Amino acid sequence: MGPGPCNPYPEVTQAFTRPLLGHLDAEFIALLDETCERLRAVFRTDNALTFPVSGTGSAGMEAAFVNLVTRGDTVVIGVNGVFGQRMCDLAARCEADVIAVEAEWGAPLDPQRLLEAHPNPTLIAVVHAETSTGVRNDLAELGAAKGDALLLADCVTSLGGIDVRLDDWGVDVAYSGTQKCLGVPPGLAPLSVSDRAMERLLKRPQSWYFDLQMIADYVTGSGARAYHHTAPISMIYALHAGLGVVLDEGLAAAQARHQQCGDLLQDGLESRGFELVPPPGARLPQLTSVRVPESRLPKSVSEADIRKELLNRYGIEIGGGLGAFAGKCWRIGCMGHTARPRNVTLLLAALDELLV
Ligand code: PLP
């Protein structure tokens, strides 16, 4: 539970105890290659450049933008929450002309409005699973009609929890994080770049560390790998193990488990009179966004007090609202290893005890 780092899978915790290898050791390179192969499987892509960026999800976002967007480029960005806003901030720092296509927070983006926002943008960018509101935004319709534009998707909260199909949907660049539905601690940003996007990489991006052409020589080069930076070995062991758990369970089965828990939680909340933020059809199973039940709070008890009690008394962390939703909604993550029906049962029972 919790909207942030989830409890990792036990196999992942175990992976941190593996003896360290050098970052250019052939045995480590083989494990890195296998990790990239596993990432291709969960992203459902054949993209050659698919690897974990050293840094959290935001590093993936930054690597994607700085390599593809420069001064004067037109970038169309869907904004219906905090992470869409963050992409606008990042694109503006790349000195792009940003066209923000907004939807009400809690509602999904309208792909047609994004497609009609500009006749020939460099890039269209969307957050697949908006963690601040619990809303799923559609990618397939954008990919089918994107024309010459590149399609960029933030898959931080979606990867491993709901369907992600980069190649089928025509997504050119996608990044994720390890700490959500992959059940691994925070620290890496899985990134995948299509061949079409590779042809458009900037020759000299503003960032040295995130220069994808340089990193590609290390992560996908054949033969001797050129040193770029010292890879965070233990985190890559952990991601390798987490992806192994997800693929052993089967992607479809892992997604079905997230769906089952999301349904159980959302039905349980609605049957108790809670109001879910997103409309049916746009709700993420792995991140449930629910309005704070003001009328059910005991006298002189705030919503933050309830969250504190959940943590202290029951060991359950749920998140408060972000940005415009601060104090107004709760965000309940049910992701990766924590997506288990028993956790949902415990949370609902705890709410029954704490609320009036
Ligand atoms: N994008 C989305 C949708 C997120 O939910 C988050 C973090 O929760 C990020 C980007 C940023 O990731 P990180 O906090 O790992 O840098």
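**How the ligand and the two domains sit together**

Reader: What makes a residue part of the ligand's surroundings here, and which are the closest?

Author: Bear in mind that this is a predicted model. A residue counts as near if one of its heavy atoms lies within 4 Å of the ligand. The ligand is surrounded by 13 residues, and the closest are Thr56, Ser58, Thr131, Asp154 and Gln179.

Reader: Why is the pair between Thr56 and the ligand called a polar contact?

Author: The cut-off for a pair of N or O atoms is 3.5 Å. An N or O atom in the Thr56 side chain sits 2.7 Å from a ligand oxygen, so the pair qualifies.

Reader: What about Gly57 and Ser58, where are their polar atoms?

Author: Gly57 uses a polar backbone atom, 2.9 Å from an oxygen of the ligand. With Ser58 a polar side-chain atom is 2.5 Å from a ligand oxygen. Both values fall within 3.5 Å, so these are polar contacts too.

Reader: How do you know how much of the ligand is covered?

Author: On its own the ligand has 390 Å² of accessible area, and the protein covers 87% of that. Two or more residues of the shell come from each of α3 (57-68) and α4 (82-93).

Reader: What classes of residue make up that shell?

Author: You get six polar, four nonpolar and three charged residues. Gly is counted as polar, so Gly57 goes in that class.

Reader: Which domains does the chain have, and how far apart are their centres?

Author: The domain assignment gives domain 1 (10-249) and domain 2 (251-354). Their C-alpha centres lie 27 Å apart.

Reader: How do you know that the two domains touch?

Author: Contact here means heavy atoms within 4.5 Å, and 30 residues from domain 1 and 25 residues from domain 2 take part. About 2200 Å² is buried between them, with 63% from carbon and sulfur atoms.

Terms used:
Residues numbered from 1 in each chain as written. Predicted model: local features only at pLDDT ≥ 70, side-chain atom pairs only at ≥ 80, totals over all residues. Heavy atoms only, no water. Polar contact = N/O pair within 3.5 Å; in protein donor to acceptor, adjacent residues only side chain to side chain. Areas by Shrake-Rupley, 256 points an atom, 1.4 Å probe, with all protein chains shown as cover. Helix = DSSP H or I, 4+ residues; strand = E, 2+ residues; numbered from the N terminus. Domains from an automatic or database assignment. Buried area = accessible area lost by both parts, 1.4 Å probe.
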